[in-house]
Amino acid sequence: MKGRFSMNDNSPEIPSRRLQLRDGDTSTGGLVVGFDRREASTAALKSAATLATRLSIIVHVVHAVDLRDYPIDPDGPDWEEEARATLRDEERTVQDVLDPFGCAWTYQAGRHDPADLLTAVAVETKALMIVVGSHGQGMGNALAHLFEGSIEHRLLSGRPPCGVLVVPSR
C-alpha cells in the first residue's frame, strides 16, 4: 500500500506504514483505527489496542494528513522539514500509546479523505472492524463538524466493509 494515497506534488514525503509484528501475527483481519492526536483519537487507539491484545490481532493505524500537519508559513526555509518532523512525531505518539499493550501494529499516513482512507485500508487488510473516536458535543465540536464533517457519520452512513466502533472521548 506504500504510496497508494500520496499525491504527486512537492509536499514532504509521507511515512510509509511500518510493520511491528510478533511471531504468528498476520497483517490481515485486524482492526483499522483512525488517529489524529486529538483526545478522542487517543481513546479510540487505546480501545483498539485493548481489543487487539485480547483477540491477538493486529492494529492498522491510519492518519489522514491535513493542514494541521504542516507549518503555518509555506514560504519558510524549513517548511518541508518541519512537516516531515510533525509526521514523524505523529508516528512516535502512536508508538508511545501502543507500546504498553504489546500488540502488533502498522502505521499508514496518506493524503486522502479520512473516511475513504479508513475504508480503503479496511478493505485491503480484510479488517474485522474500523475504530474511530467521537469528538462529542459542544459548540467547538459542532463548528468542527460543520466545516470538516464527521468521519464517524460518513463511515456509518455509507456502506462500510466491516463493523464500525465509535469510541467516545473520555
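Buried means under 20% relative accessible area, exposed over 50%, and partly exposed in between, using a 1.4 Å probe and protein chains only. The model on screen is predicted, with local features needing pLDDT of at least 70, side-chain atom pairs counting only at pLDDT 80 or more, and totals for chains, interfaces and linings using all residues. Residues are numbered from 1 along each chain as its sequence is written, and side-chain values use heavy atoms, with hydrogens and water left out.

**The whole chain**

Select the whole chain to begin. It has 5 helices and 5 strands. Helices (H or I, at least four residues) and strands (E, at least two) are DSSP runs, numbered from the N terminus. Followed along the sequence, the pattern is β-α-β-α-β-α-β-α-α-β. The chain has 170 residues, of which 42% count as buried. A contact means heavy atoms within 4.5 Å. Among contacts between residues at least 6 apart in sequence, 79% join residues at least 24 apart.

**Colour by confidence**

Next, colour the chain by pLDDT, the predictor's confidence in each residue, from 0 to 100. The chain mean is 78, and 74% of the residues reach 70 or more. Strand S1 has the highest mean pLDDT among the elements, at 96, and helix H4 (residues 139-148) has the lowest, at 49. Now select residues 1-25: the pLDDT there is below 50, and the stretch has 58 contacts in the model beyond near neighbours in sequence. Residues 142-147 are also below 50, with 5 contacts of that kind. Where pLDDT is low, the predicted coordinates should not be read in detail.

**Strand S4 and its neighbours**

Select residues 129-134, which form strand S4. Is this strand largely enclosed or open? Of its 6 residues, 5 are buried, so strand S4 is largely enclosed by the rest of the structure.

Add strand S1 (residues 31-34), which runs parallel to S4 and is joined to S4 by 3 bridges. Two strands pair if DSSP finds at least two bridges between them. Leu31 has Met129 as its bridge partner in S4. Then add strand S5 (residues 163-168), which pairs with S4 in the parallel sense over 6 bridges. Here Val132 has Val166 as its bridge partner in S5.

**Helix H3**

Select residues 114-125 for helix H3. The expected span of a helix is 1.5 Å times one less than its number of residues. For the 12 residues of H3 this gives 16 Å, and the end C-alpha atoms are 16 Å apart, so the two values agree.

Which residues of H3 are buried? They are Ala115, Leu117, Leu118, Ala120, Val121, Ala122 and Thr125. The buried residues of this helix pack against S1, strand S2 (59-64), strand S3 (105-110), S4 and helix H5 (151-157).

Look at both ends of the helix. Asp113 caps the N-terminal end of H3, with a side-chain oxygen 3.2 Å from the backbone nitrogen of Ala115. After the helix comes Lys126, in the loop between H3 and S4. The phi of Lys126 is near 55 degrees, a positive value in a residue other than glycine. Lys126 counts as exposed, at 62% relative accessibility.

**Another positive phi**

Move to Ser56, in the loop between helix H1 (39-55) and S2. Ser56 has a positive phi near 55 degrees and is a residue other than glycine. At 52% relative accessibility, Ser56 counts as exposed.

**Thr106 and His60**

Select Thr106, in strand S3. This residue is buried, with a relative accessible area of 1%. Show the side chain of His60 as well: a polar contact of 2.8 Å joins it to the side chain of Thr106. A polar contact is a pair of N or O atoms within 3.5 Å; within protein, one must be able to donate a hydrogen and the other to accept it, and residues adjacent in sequence count only if both atoms are side-chain atoms.

**Asp66 and the cysteines**

Asp66 is in the loop between S2 and helix H2 (79-98). Asp66 is partly exposed, with a relative accessible area of 26%. Select Asp36 too: the two residues are 30 apart in sequence, and their C-alpha atoms are 9.5 Å apart in space.

End with two cysteines. Cys103 is buried at 6% relative accessible area, and Cys162 is buried at 13%. How many disulfides does the structure hold? The number is 0, where a disulfide is a pair of cysteine sulfur atoms within 2.5 Å.
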